[in-house]
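Me: I've got a model open on my screen and I'd like to learn how to read it. Can you walk me through it, feature by feature?

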Amino acid sequence: MRISLLLALVFAGATLSAQELKTVQPADIANIKSVSDPRISPDGREVAYVVETPVDAPAPKNEHIWIVSTGGHSAPHPYVAGSDGTDTAPRWSPDGKWLAFLSTRKNPLAGTSAFVFKLANVEGRKDVIPAKDADKDDAKNEDAQLWLLPTTGGEAVPLTDLHGNIKNPEWSPDGRFIAFVSRDMDTPKEREDKKRKIDEVVVDDNYKFDRLWVYDLAKHEARLVTAADINIDDYGWSPDGSQFIARISPTPRIDDYWRVSKIVLLDGKTGTVTRTLEEHAGYAKPRWSSDGHHVTYSRMRPLHITDEHVLFDLTSGKTHLLESNTPGTVQQMVWTPDGRSVVAEVVEQTHTAAIKVDAATGAGTHIEGLKGIASYRGAIQFNSDGSKISFLANSFKSPEDVWLLADGKAVRLTDTNPQVASWKLGSEREISWKSKKDGKLIYGVVVYPPDYKPGTRYKTVVHIHGGPEEAWVNGWHGDWYDYAALLSSHGYVVLLPNPRGGDGQGPAFAEANYKDWGGGDFIDIQSGVDDLIAQGISDPDKLAIGGWSFGGFMTAWTVTHTDRYKAAMVGAGVTDIYSMATTTDISPSFQDGYFGTWATSREGYDAHSPVRYLAACHTPVLVLHGGADSRVPTSQGEEFYHGLRFLGRDVKMVIYPREPHIFTEREHQIDSLQRILDWYDSHLETK
């Protein structure tokens, strides 16, 4: 088969000799193309997906839709051609004859009689403006619009012309409509005022809501469904197209979006709430089974730290919790086409898996062929008869790519980053150890440098994940956030621990750091380090530690409570929980869930804040932060940096302009990775 030839080419790089391999550099990591949103065609013959190629700022994003045959009949290639903008969100029509997608390309038909676009249910609204009527200064070809491409051949045609981004398109089950979400835009007066610098911002006022729309393909008309002021966080069609299941929040504030939302049923015409299924929704996408009898969603547990995943019978009201089928953490859910089962993507310890749960009985079984390789980013998709599954996966020596599961066998379809075959990479191993706090078994991944020799002690970096509810899993570790491949290529052993408070061991484990940040989780991590030293793997005199977000917190906590590390990197770290609570965009729910109400819990907030223990820090610290970080405000890094500076400690801080919590600009990614590498090297005396 041709696919055999493709796979032979994909893995040909494995034959390169060690002399030909190159040591990984920060630019190599930043240049990795990312793959996302794979969508298998209804007949199962093709998969459309999105490839993003890194570009230098201020160039716009380079995102385009690619296509790959599932039978090896053609190599992966760009599918939506001729675009002067970005192309994303490929969505096959139920009959497979059309591919809808979002694009920022120019509409050559805008303003001509050849382009018909009507609006409905927008009477009296001044925040709904066709792009052609927007001021030229506001129309910069940056708004994503809905487009349609015939799969039998032909040119893509534009469907919408709204001033403002469109996102999350989904076909109706009968293929007559496409729903999408679009945020309110400024009114003409607001835009004019801003031009005149009358642009004061009244906090928590004049919200711009994400609203649900439905595009009628026959009428060439976009109808506003949710005219009332509710924020559409996510949604799914009912099988008959008359309703939607939706996760909604009272405002578009990020805190409300994530932690103050409900699961409801909406009338498909009026947008009114007809039934509330859950008052305290979790993070999962709500979805309807094809037979109409069941829905899936998640709900927050009592502490409001993590969520649990629900399979709900709309008639009887009976629920099954998917967590009862796994000792791990459920990430996302997708229905099988027949509506009889739901597939849950799961993290178990330090690997991924997929569990198929019977809707009637709640019984679950692992899907063979997906354990340890399936991505847990909501990427599993079925073709129309359920015989094939497309998904994303990676391995230690290969970044994320499109894979196919058919007849119980998983096959890799794409090789988006072939240059990785020339990189000098080591190896990885899933490990576990007992925490010295209570004997709890803790899991993690250890990454070894190339040419690792058992019995030799190596310089070691402990890299801590964010969240805190996240997890390191076995697989690719070569991106800006997870760069163990970079460190190991330069001779480091890297420990990736999953302490309590994270994913992989069920909801109770994720809640085990309640009012205890820097307690049991700190001991869990140090116990893992002790274990590597006891095994003769790590050199106790050449240890470094670092992490981002919660990983930054844990690093800051560690260096204010032990001197065992020779260097540390605090990236976008929470260092003062009390001030964080009044400045972050996820307050008050996030801190309240972990530490209790801000107004009455000052003592607990302070007790777990690293800045209260700065005098005990003697470790050289590199502080990195984005200048536009609203999740962990830059002031958190500044508090830690200036406190150490006042004490005369070895500390350096770098602030990256324009960067939010997760860096997006390639130049900044390269610079930050290089600084981290140099900081560890210089303080561990490796040069």
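**Reading the model**

Reply: Let's start with one residue: Asn 206 is partly exposed, with a relative accessible area of 44%. On this scale buried means under 20% relative accessible area, exposed means over 50%, and partly exposed is in between, using a 1.4 Å probe and protein chains only. Before going on, note that residues are numbered from 1 along each chain as its sequence is written. This is a predicted model, where local features need pLDDT of at least 70, side-chain atom pairs count only at pLDDT 80 or more, and totals for chains, interfaces and linings use all residues, while side-chain values use heavy atoms, with hydrogens and water left out.

Me: What is the sign of phi at Asn 206?

Reply: Positive: phi there is near 55°, and the residue isn't a glycine. Asn 206 sits in the loop between helix H3 (188-195) and strand E12 (210-216). Helices (H or I, at least four residues) and strands (E, at least two) are DSSP runs, numbered from the N terminus. Asp 451 also has a positive phi, about 60°, without being a glycine. You'll find Asp 451 in the loop between strand E31 (441-448) and E32, and with a relative accessible area of 55% it is exposed.

Me: How do I read the sheet, and what is the order of its eight strands?

Reply: Two strands pair if DSSP finds at least two bridges between them. Here the sheet is open, with mixed pairing, and the order is E30-E31-E33-E32-E34-E35-E36-E37. Strand E30 (427-434) and strand E37 (651-656) are at the edges with a single partner strand each, so one side of each has no neighbour in the sheet. For a close-up, take E32 (residues 458-464) and E33 (residues 493-498): they pair in the parallel sense over three bridges, and Val 461 stands opposite Val 494 in E33.

Me: Which strands does helix H8 lie across?

Reply: For this you need contact, meaning heavy atoms within 4.5 Å, and axes, which are lines fitted to C-alpha atoms (for helices over the stretch in contact), with angles from 0 to 180 degrees between N-to-C directions. H8 (residues 550-559) lies across E32, E34 (538-548), E35 (567-571) and E36 (621-626), running at about 135° to E34. Helix H13 (residues 666-683) packs on the sheet too, touching E32, E34, E35, E36 and E37, and its direction makes about 155° with that of E35.

Me: Is H8 largely enclosed or left open?

Reply: Largely enclosed by the rest of the structure, because 10 of its 10 residues are buried. Among them are Phe 550, Met 554 and Trp 557.

Me: How many residues are in the largest nonpolar core?

Reply: The general idea is that in soluble globular proteins, nonpolar side chains tend to be buried together. A nonpolar core is a set of buried Ala, Val, Leu, Ile, Met, Phe, Trp, Tyr and Cys residues joined through side-chain atoms within 4.5 Å. The largest one here has 50 residues, and Val 462, Trp 517, Phe 553, Val 621 and Phe 640 have the most contacts inside it. H8 supplies the largest share of this core, six residues. A second, separate core has 38 residues, including Trp 480 and Leu 622.

Me: Where are the cis peptide bonds to Pro 468 and Pro 588?

Reply: Check omega first: the Gly 467 to Pro 468 bond is cis, with omega near 10°, and the cis bond joining Ser 587 and Pro 588 has omega of about 0°. Pro 468 is in the loop between E32 and helix H5 (484-489), while Pro 588 is in the loop between helix H9 (577-581) and helix H10 (589-595).
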